[in-house]
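Let's take a walk through this structure together. Have the sequence and the 3D view open as you read.

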Amino acid sequence: MALLKIVKYPEPVLHEVGKPVTEFNAELKQLVENMFETMYAAKGVGLAAPQVAVSNRVFVMDCSGGEDESQKIAMINPEIIHTEGEQIAEEGCLSFPQIYIPIKRSFRTIARAQDVSGNWFELDGTELTARCLLHETDHCDGIVFLDRMTVLKREMAKRKIKKLQKTGEWD
Ligand SMILES: [Zn+2]
């Protein structure tokens with residue numbers, strides 16, 4: 001296993017639509033293992049392939065932060081199939097260090113995806129799980145959480161990013 005480098009906004013790969021995965025081979029399993037290791041090391045609850053400069057529709061998540069093995073989930077070719085309600089909570093992203101902004105998301109989300117062997121499954125979650133499913137599926141579509149902020153909050157975040165870039169805290 002190996003730690004991968006997490007790319008930061010505005011790296012172009014973060015804004016590309018990820019390619020669907022068609023080969024469920026050893027290379028994919030290795031990528032997923034490395035992504036889990038990288039996510040845990042960075043203390044994140046989700047990490048998508050574009051964030052490690054791989055433009056594919058793959059993400060890993062664990063909303064328990066490594067406490068509960070059943071929440072360690074890899075989703076390949078994810079699709080959101082149902083959303084309902086809404087929630088507003090502070091959200092962060094490993095490609096935007098130190099940026100935490102309240103964002104409106106669905107309260108409940110059902111997603112479907114393939115596992116590393118290619119078998120389809122569904123995941124039905126609320127609160128943080130729903131938020132994570134939406135945030136990471138967005139990454140696979142080339143959408144970052146900045147795109148989901150209100151105009152005012154986006155400007156605020158961009159100003160803070162500029163400041164962090166200037167002081168060298170963005171690398
Ligand atoms: Zn993110």
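What follows goes from the metal site to the cysteines, then to a helix and the cores.

Keep in mind that this is a predicted model. A good place to begin is the zinc ion. Three residues coordinate the zinc ion: C93 through its SG atom, and H135 and H139 through their NE2 atoms, at 2.0 to 2.2 Å. Along the sequence, these donors follow the spacing C-x41-H-x3-H. C93 and H139 link distant parts of the chain, 46 residues apart. You'll find C93 in the loop between β4 (87–91) and β5 (101–105), while H139 belongs to helix α2 (residues 127–140). Are these two buried or exposed? C93 has 10% relative accessibility, so it counts as buried, and H139 counts as buried too, because its value is just 1%.

Now for the cysteines. How many disulfides does a search of the whole structure find? The search comes back with zero. Take C63, whose closest cysteine sulfur is in C132: the two sulfurs are 4.1 Å apart, which is too far for a bond. A pair has to lie within 2.5 Å to be called a disulfide. C63 is itself buried, because its relative accessibility is 16%.

Next, find helix α1 (residues 26–41). With 16 residues at 1.5 Å each, α1 should span 22 Å, and its end C-alpha atoms are 23 Å apart, so the two agree. Several residues of α1 are buried: L28, L31, V32, N34, M35, F36, T38 and M39. In a helix like this, residues three or four places apart point the same way, because there are 3.6 residues a turn. The cover over the buried residues of α1 includes the strands β1 (46–48), β2 (58–61) and β3 (73–84). After α1 comes K43, with a positive phi near 60°.

Finally, look at the cores. Nonpolar side chains tend to be buried together in soluble globular proteins. The largest nonpolar core here has 17 residues, and those touching the most other members are Y9, F96, I99, F145, L146, M149 and W170. Two elements, β5 and α3 (151–166), give two or more residues to this core, and α3 supplies the largest share, three residues. Which residues does M149 contact, beyond its neighbours within four places in sequence? They are I101, I103, R154 and A157. There is also a second, separate core of 15 residues, with V21, V32, L47 and I76 among them. V32 may ring a bell, as it is one of the buried residues of α1.

Key: Residues numbered from 1 in each chain as written. Predicted model: local features only at pLDDT ≥ 70, side-chain atom pairs only at ≥ 80, totals over all residues. Heavy atoms only, no water. Buried < 20%, exposed > 50% of the residue type's maximum accessible area, 1.4 Å probe, protein only. Donors = N, O, S within 2.8 Å, 3.2 Å for Na, K, Ca; no water. Helix = DSSP H or I, 4+ residues; strand = E, 2+ residues; numbered from the N terminus. Expected span 1.5 Å × (residues − 1). Contact = heavy atoms within 4.5 Å. Core = buried A, V, L, I, M, F, W, Y, C linked by side-chain atoms within 4.5 Å.
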